[in-house]
Amino acid sequence: MTTVDTKASTRSAAAPSHAVPWDYAPAPESVKVTIQDRYGLYIGGKWVATNATFDTVNPATEQSLSQVAQADASHVDQAVAAARSAFPVWAALPGKERGKYLFRIARRIQERARELAVLETMDGGKPIKESRDIDIPLAAAHFFYHAGWADKLAYAFPGQAAPKPIGVCGQIIPWNFPLLMAAWKIAPALACGNTVVLKPAETTSLTALRLAEICDEIGLPPGVVNIVTGDGRTGEAIVNHPYIDKIAFTGSTEIGKRIARAVAEEQRPTQSGRTDAKRLTLELGGKSPHIIFEDASLDQAVEGIVQGIFFNQGHVCCAGSRLFVQESVLDETLERLNRRMSTLRVGDPLDKNTDVGAINSKQQFDTITRYIDAGIAEGAELCVPGSDNPSTVSSVTGGFDVGHFCRPCFFRNVQPSHRVAREEIFGPVLAVLSFRTPEEAIQRANNTRFGLAAGIWTDKGSKIFDMAARLEAGVVWLNTYNRFDPTSPFGGYKESGFGREGGRHGLRAYVTT
Ligand code: ADP
């Protein structure tokens, strides 16, 4: 077992080379977290060791943090069996009692918030100010919110029969919001009386394993939550397991399509006289339009643009990655954006002043640099505010001694056919396009295979409502961006998936009526 001194790791982490004339003094996070050398799987309330393990790495320092268990099909089988045997008792528990467990989890997340934030930042690379102020408080909020629903489900869907739980839910989550995604998935499932087998992403397992510890600490009955770590093979074993009743997946569109195909083709065995198909919800990729009208408050809009694309290094499925600016204010907006972006601090994620932390993995770093190369090759103009050499990949990635870092950048003179305007990059890269009329903005914004989110900035209320109604997006933010709340449903259109998470809509995916 190692106790990691975050101050020590701060000293070895990368700092931006394009320093402004004056600089902030370092403000390293001082909380220490204990990380075991090796973690097992959490199945049936016990820790189960595996022979196979893999390294989980701090992307800011490239140092190994721990060895995490690689679950195979037999471990998934054990986890499903534990969840199945816990299901009847958990489902039969009065909602008020289930709610108490959820409240306890929420409170424990709050009590351990700083430790969870530090761990999230070390394992995933996001700035500590985001994990501390956004990820962890929102994860607790999801448990609080759903705790409140547990004894009120009979009122959730007026006019319909009392909802019943579905059974065992297989939940597969990505690496961009590790604990928050676990909370999004586990809280509604448990509130509705289901049991869970959850797999975190392979680069960010540590906070999900801490959540397993919390389930243990608060006395959650064994088998109600099972956490199996591993890569895509583990995910596949969950998707294909015949005794899982519902799959909830958040991740790439490519894997989402594969899962949809597997679930559609599955021949489900009849169990206790039940033959219904495995249920499925998918929350997939996006290339969300962010539309700035000439009558918007430009300084506020620029803050929104920055928040929309550079939050969490752009590792956000609903990131506002396609910026549409009305032509009359294009130059002014880009000038202000340029100025604002040059003040963003890129570097040590554990420094409280850092705005943009480390890219989650080497693999993702390579993907981002490939897209930047493609943008340059296709003729778009790369702008890297604050960098001396504004036209090459190295101006985005250069100057960091260790770790995977990318400076926030944008492309101008982008054509709708360019890859940087069509494909999800999942990094701090913005594609800037323009429009003349609201009609043109709608057409260009909807010209995508995705439909997760959109943003509109204007002073005119009538324009907001007209545009919002015609944008093909699951979430439309008006004069703000990237606002999340457990009461508000989130999900996609088209290749961004189906099903909603959060709010009453999100509960529906975890009940039968
Ligand atoms: P990203 O491209 O954002 O890494 P992925 O879709 O590859 O997203 O991964 C999201 C989650 O899906 C991760 O937990 C990953 O391990 C899991 N996964 C990857 N491949 C498969 C698969 N074939 N079946 C089920 N889950 C998978």
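Tutor: Let's start with a pair you can click on in this predicted model. Asp135 and Lys126 form a salt bridge, and their closest N and O atoms are 2.6 Å apart.

Student: How should I read a contact like that?

Tutor: The general idea is that side chains of opposite charge can pair when their charged atoms come close. In this structure, Asp135 is the acidic partner and Lys126 the basic one, with 2.6 Å between the closest N and O atoms.

Student: Are Asp135 and Lys126 buried or exposed?

Tutor: Both Asp135 and Lys126 are buried.

Student: Which residue does Asp355 pair with in a salt bridge?

Tutor: Asp355 pairs with Lys129, and the closest N and O atoms there are 2.6 Å apart. This pair ties together distant parts of the chain: Asp355 sits in the loop between helix H11 (330-341) and helix H12 (362-377), while Lys129 belongs to helix H5 (residues 128-149), 226 residues apart.

Student: Why does Asp355 count as buried?

Tutor: Buried means under 20% relative accessible area, and Asp355 counts as buried because its value is 18%. Lys129 is partly exposed, at 26%.

Student: What about Arg233, which residue is its salt-bridge partner?

Tutor: That would be Asp231, with the closest N and O atoms 2.8 Å apart. Arg233 counts as exposed, at 56% relative accessibility, whereas Asp231 is at 18% and counts as buried.

Student: Which residues do salt bridges with shared partners join into one network?

Tutor: Look for Arg108, Glu111, Arg112, Glu115, Arg210, Glu213 and Glu217. Shared partners link them into one network.

Student: And how many salt bridges does the count come to?

Tutor: The count is 33 salt bridges.

Student: Let's move on to cysteines. How many disulfides does a search of the whole structure find?

Tutor: Zero. To read a candidate pair, check the gap between the two sulfurs: the cut-off for a disulfide is within 2.5 Å.

Student: Why is there no bond between Cys317 and Cys318?

Tutor: The sulfur of Cys318 is the closest cysteine sulfur to that of Cys317, but they are 4.9 Å apart, so the distance is too far for a bond. Cys406 is in no disulfide either, as its nearest cysteine sulfur, in Cys409, is 7.3 Å away.

Student: Are Cys317 and Cys406 buried or exposed?

Tutor: Cys317 is buried, with a relative accessible area of 12%. Cys406 is buried too, and its relative accessible area is 1%.

Key: Residues are numbered from 1 along each chain as its sequence is written. This is a predicted model: local features need pLDDT of at least 70, side-chain atom pairs count only at pLDDT 80 or more; totals for chains, interfaces and linings use all residues. Side-chain values use heavy atoms; hydrogens and water are left out. Buried means under 20% relative accessible area, exposed over 50%, partly exposed in between (1.4 Å probe, protein chains only). A salt bridge is a side-chain nitrogen of Lys or Arg within 4 Å of a carboxyl oxygen of Asp or Glu. Helices (H or I, at least four residues) and strands (E, at least two) are DSSP runs, numbered from the N terminus.
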